[in-house]
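Subject: Structure handover

Hello,

Here is the structure I promised to pass on. Please open it and keep it in view while you read.

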Amino acid sequence: MTKYVGAIDQGTTSTRFIVFDRKGRIVSTAQREHEQIYPRPGWVEHNPLEIWLNTRTVIFDALERRGLSPSDLAAVGVTNQRETALLWDRKTGEPLYNAIVWQDTRTDQLVARYAAEGGQDRLRAKTGLPLATYFSGLKLHWILANVPGAREKAEAGDALFGNIDTWLLWNLTGGAEGGIHITDVTNASRTQLMDLETLAWDEDILKLFEIPRACLPRIVSSSEEYGLAREPLEGVKLSGILGDQQAALFGQACLHPGEAKNTYGTGNFMLMNTGEKPFPSTCGLVTTVGYKLGGSKAIYALEGSIAITGALVQWLRDNLGIIQTSADIEPLARTVSDNGDVYFVPAFSGLYAPRWQESARGVICGLTRFANKGHIARAALEATAYQTREVLEAMVKDSKVAIRELRTDGGMVVNELLMQFQSDMINVPVVRPKVIETTALGAAYAAGLAVGYWHSTDDIVQNWGVDRRWHPHMDEAQREHLYASWNKAVTRSLDWAD
């Protein structure tokens, strides 16, 4: 009997392959970063061929480190950065353009045009999403309109569209030699092209966005047997796909309505399970598919997306050079006792939930001669907590459910200064699970459930456990003073871009 399940975790800054055992523990892992490409201000791209090469490399590395072979894996799941869109040639496998990353804002004029014609929420009833540069449908529109020959190939079915999950599954199953062109419901829900009720591409929206049906992948569930992989996973069943934030929701065992998690990664993403019916938001959140297991009904979620959190730490490292590694941010922030009245609004890609302000840009407020790099480091971490509070308050208003604790995951949760400040700012306990790689774990669970490696979601609940819990210690007056100052700083970031 095969021992393990694998997960490809293709994120915004790196790709990982992680092998898990039946208890959800990590057996082996390998990771490789890829280049962030910035052709113009506001444009963010990735090289899809680099991502595919890195995926192959980390699979080989993770298996080799533990002396494993593909035959040791019962199944493999895929989780991915969502809304990052690409179009490639069906016959050659060559991308027609770089992948346009979810943070990219080049479609802002398209968003403005469609919003002027029918309002920012004209598609929300069908898709759960406001018009925004974030989602991948308008990125595809841009590629079709600006890359020579792209539209003709797409209309003929000779060019294939997908988020990164689709690109990886196509390559893993043979690529130009018979690769499977699919996407799961969670990724499809992030294109703004899928009807949330029918879980099918919406012909009216395709016509509105001028997108040919022939280039779109087939929509499947998040957990079923899709096909067998070829090298480097020769013969392994590919049986799970979840967008990264839905994968974290699943990996955190948030399987009942009202249960929520917050992932601290490149950006922050809070999701709350709302059950079998899409729950419309009136407070700036989006409605999305949480997961769909085989032939069972889809489970929906409310989501609050924050564009820049961990990416701000990377920016301090790569663009300003005030830290050498991301881990240096916490000790630097601890060199000062407070933020020195400095506030950082990282609206590098505008502001996402709950404000949805495309024209906002990043600002640092409150600088005096007293401020030093320790204050800037602390303000950067605090910005993550303030933005999370905004989303949490919107989620409570929408759902009418008071969150008793916040389950957290992602790379930033090792930062104990941030976790304590987060608890202080939202005034409820913050919980870190034993396995913080819940995104990859969620994809592994989806894959393993499809092939019977795990028998039911009860196994997921039993595997989840607490590593540490932080309780709020800040008094109410200080909490509200800090939050009011943050909101004052946000007003300075608005309407910067024309």
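Below is what came out of it, from the overall fold to the cavities.

Please note that this is a predicted model.

**Overall build**

The protein has 16 helices and 23 strands. Its C-alpha atoms fill a box of roughly 60 × 55 × 45 Å along the principal axes. Is that in keeping with a compact globule, or at odds with one? For 498 residues, a compact globule would have a radius of gyration near 23 Å. The protein has 21 Å, so the two agree.

Of the 498 residues, 63% count as buried. Now take the contacts with a separation of 6 or more: 73% of them come from residues 24 or more positions apart. The accessible surface comes to about 18500 Å². Carbon and sulfur atoms hold 50% of that surface.

**Cavities**

How many cavities of 30 Å³ or more does the structure hold? There are 4.

The largest has a volume of about 80 Å³. Its lining has 13 residues, and Ile306, Leu351, Tyr352, Ala353 and Gln387 lie nearest the centre. Strand E18 (299-306) and helix H12 (373-399) each give two or more residues to this lining. By type, the lining divides into 8 nonpolar, 3 polar and 2 charged residues.

The second largest cavity has a volume of about 50 Å³. Arg378, Leu381, Glu382, Leu417, Leu418 and Phe421 line it. Here H12 and helix H13 (416-426) each give two or more residues. This lining has 4 nonpolar residues, no polar ones and 2 charged ones.

Best wishes

Definitions and conventions
Residues numbered from 1 in each chain as written. Predicted model: local features only at pLDDT ≥ 70, side-chain atom pairs only at ≥ 80, totals over all residues. Heavy atoms only, no water. 1 Å grid on protein atoms, 1.4 Å probe; cavity = no way out; pocket = protein on both sides within 12 Å on 5 of 7 lines; lining within 4 Å. Points joined across faces, edges and corners; volume = space filled by probe spheres on them. Helix = DSSP H or I, 4+ residues; strand = E, 2+ residues; numbered from the N terminus. Nonpolar A, V, L, I, M, F, W, Y, C, P; charged D, E, K, R; others polar. Rg over C-alpha atoms; globule rule 2.2 N^0.38 Å. Buried < 20%, exposed > 50% of the residue type's maximum accessible area, 1.4 Å probe, protein only. Contact = heavy atoms within 4.5 Å. Areas by Shrake-Rupley, 256 points an atom, 1.4 Å probe, with all protein chains shown as cover.
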